[in-house]
Amino acid sequence: MATETQTKKNYKDTLNLPETSFDMKADLVNREPLRLKKWQEAHLYEQTIAAREGAPRWVLHDGPPFANGDIHIGHLINKTLKDVIVRSHTMKGLQSPYVPGWDCHGLPIEHKIQEEIKKEGKNFREMSVVDVRKRCFEYAQKYATIQSEQFQRLGILGDWAHPYLTMAPSYEAQTLEVFARIVEKGLVYRKLRPVPWSIANQTALADADLEYQDVTDNSVYVEFPLTKPIDGQTAYLLVWTTTPWTLPANLAIAANAEVDYALVRFSRAGQDRLGVVASELRERVFTKANVPHSLVRTGTITELLGDNLEYRHPFVERTGRVVMAEYVTTTDGTGLVHTAPGHGEDDYETGLREGLPVYSPVLFNGRFDDTVPEWLRGKTVWEANPIITKHLADAGLLFAEEKITHSYPHDWRSKTPIIFRATEQWFVAMDKPGADGSPPLRERAEQAVSKDVEFIPAWGKARMEGMLASRPDWCISRQRAWGLPIPVFYNDKGEPLLTPEAVRAVGKRFGEKGSDAWFTDSPAELLGPDFKYPPGFEASTLRKEKDIFDVWFESGSSWRSVLQCRPNLKFPAVLYLEGSDQHRGWFQLSLLPSL
């Protein structure tokens with residue numbers, strides 16, 4: 001009988017195995033870096049591109065990640081998917097170049113530098129803009145290099161020796177060429193209007209900078225007394241708001257001419273009163289307030305009020321007007337909408353139509369200025385909510401209050417709630433026809449999405465269409481240091497010099513020296529010796545704009561700065577591949593400038 005050892009040996013001898021040089025142990029930790037080094041030394045990427053010389057070109061355009069930290073699992077998924085797709089099209093016989101890029105400007109990087117400076121015991125706001133930008137540049141350069149090494153460690157093939165950086169002078173110059181073309185279309189304007197505002201970072205934000213979180217807030221029902229009595233008695237407009245801090249800026253109350261309203265008699269705090277509320281919401285409102293009431297009559301708002309369309313502000317020496325607005329609904333609230341043109345998009349549009357001032361008594365740091373009652377001055381908007389609520393209660397004008405949970409926009413970088421605040425900003429118009437007679441940007445974008453772009457998965461199309469239909473004009477200005485300066489000059493009358501010629505002159509200077517030149521060079525040097533100044537503008541009296549571009553405008557110009565400026569690429573690209581959050585961000589904000 002064979003022993004166990006002999007049996008094992010005999011079985012082994014009967015196996016017909018191929019002879020290979022492969023080691024039994026994978027030893028990836030040591031072997032993988034050697035393999036990657038071999039690829040680099042052999043210039044494998046360049047060989048792959050050369051092997052497809054003359055073949056049809058198939059371009060995936062890389063969306064630029066922020067250069068502000070080590071890569072994470074999201075980067076891993078993103079780059080690996082792109083690598084698989086690029087390699088597969090190469091294997092199909094197509095020439096498929098891959099040029100990686102980095103988004104180098106913006107608040108995430110500036111915020112990191114701000115934290116570093118604070119730890120050093122220095123005051124960030126006392127430092128020169130040039131010094132802050134130098135620190136930001138070094139930080140972005142450092143992490144672009146680190147991320148490049150980490151991506152290559154994943155085995156991603158690409159033109160790592162020639163990436164695109166949004167802070168590179170050549171890239172900045174081409175971004176200004178994009179801006180010059182939009183200026184040529186007559187779509188750029190500056191205006192005082194409400195925009196999403198980050199108190200934490202003291203800058204305007206784009207829609208793409210917002211994320212929504214459920215929060216619990218105190219909402220209030222406020223009684224606004226009409227200036228003239230109804231049926232010989234003071235009557236009150238019942239108005240609901242989830243943002244009591246905006247009440248100091250109230251200038252109007254909006255009603256809907258098509259809605260049926262009720263005049264209601266009720267008793268509160270021992271007083272008989274008359275109130276006005278949408279008929280459909282009457283029972284709900286009075287039940288919430290636990291206030292007994294009786295119906296006097298119903299009708300349209302003008303039938304109930306006649307010419308009595310003025311009211312007294314509940315705590316400011318001011319009268320306001322009842323105005324009509326189609327957006328007023330009976331879905332919630334009272335059917336009467338508190339209107340502050342300086343603190344909301346609908347309110348702003350209503351204010352424009354009614355000739356109301358764009359009044360915003362809130363400063364850049366979220367504190368009230370000196371135009372509000374003394375008891376509110378210097379308070380933050382969040383501190384103001386309970387203070388205003390108590391003041392209304394003490395004045396006998398707080399009809400009811402309740403806690404509500406609702407979705408509220410936050411600054412995705414600081415993770416803090418934002419406010420809507422009227423400030424002077426630069427915008428790109430969505431609904432204005434081009435100076436050359438071209439259709440408005442929104443119409444062109446909707447048509448492109450409908451006919452020219454394929455979405456995978458298909459639901460992305462409806463998502464993009466919905467966002468385009470509802471988006472406001474694009475606020476492209478930011479109040480920060482680390483970014484591409486908006487190339488506008490002002491004369492001694494405060495009039496802006498913004499022409500395609502001026503933008504291109506500055507772009508040429510940026511291409512030579514980089515955008516730091518905006519902070520070191522004079523207007524004459526920036527515009528160059530051949531610039532023809534329009535009437536009313538002289539180099540010696542010009543001052544420079546302090547705002548920078550929204551970083552989405554920079555990354556959204558990569559179709560020009562990268563695809564159109566590199567001979568090995570082409571425009572338009574075949575594929576943009578990113579996470580679904582980029583329907584609101586890079587997808588949408590690349591589409592708009594490219595049109």
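These questions and answers cover the cavities and two sheets of a predicted model.

Biologist: How many cavities of 30 Å³ or more does the structure hold?
Modeller: The largest cavity has a volume of about 100 Å³. The second largest cavity has a volume of about 40 Å³. With the cut-off at 30 Å³ or more, the number of cavities is two.

Biologist: Which residues are the closest to the centre of the largest cavity?
Modeller: The largest cavity, of about 100 Å³, is lined by 14 residues. The closest to its centre are Gly106, Leu107, Arg413, Arg478 and Val551.

Biologist: Which elements give two or more residues to the lining of the largest cavity?
Modeller: By class, this lining has seven nonpolar, two polar and five charged residues. The elements that give two or more residues to the lining are strand 5 (203-204) and strand 23 (548-549).

Biologist: How many charged residues are in the lining of the second largest cavity?
Modeller: The lining residues are Val59, Leu60, His61, Pro97, Tyr98, Val99, Val562, Leu563 and Leu569. Strand 1 (60-61) and helix 18 (558-563) each supply at least two of them. By class, eight are nonpolar and one is polar, and the number of charged residues is none.

Biologist: Which are the edge strands of the open sheet of four strands?
Modeller: The order in this sheet is 5-4-17-18, with antiparallel pairing. An edge strand pairs on one side only, and here that holds for strand 5 and strand 18 (474-475).

Biologist: Which residue in strand 18 does Phe427 stand opposite?
Modeller: Strand 17 covers residues 419-428 and is joined to strand 18 by two bridges. The two strands run antiparallel. Opposite Phe427, in strand 18, stands Cys475.

Biologist: Why is one side of strand 21 and of strand 22 left without a neighbour in the sheet?
Modeller: The sheet is open and has three strands in the order 21-20-22, with antiparallel pairing. Strand 21 (496-497) and strand 22 (543-544) stand at the edges of this sheet. One side of each is left without a neighbour because each has a single partner strand.

Biologist: Which residue in strand 22 stands opposite Tyr490?
Modeller: Strands of a sheet pair through backbone hydrogen bonds, either parallel or antiparallel. Strand 20 (residues 489-490) and strand 22 run antiparallel, joined by two bridges. The residue in strand 22 that stands opposite Tyr490 is Arg543.

Terms used
Residues are numbered from 1 along each chain as its sequence is written. This is a predicted model: local features need pLDDT of at least 70, side-chain atom pairs count only at pLDDT 80 or more; totals for chains, interfaces and linings use all residues. Side-chain values use heavy atoms; hydrogens and water are left out. On a 1 Å grid over the protein atoms alone, a cavity is a set of points where a 1.4 Å probe fits but cannot get out, and a pocket is an open set with protein on both sides within 12 Å along at least five of seven lines; lining residues have an atom within 4 Å of a point. Grid points are joined across faces, edges and corners, and a volume is the space filled by probe spheres set on the points. Ala, Val, Leu, Ile, Met, Phe, Trp, Tyr, Cys and Pro count as nonpolar, Asp, Glu, Lys and Arg as charged, and the others, Gly among them, as polar. Two strands pair if DSSP finds at least two bridges between them.
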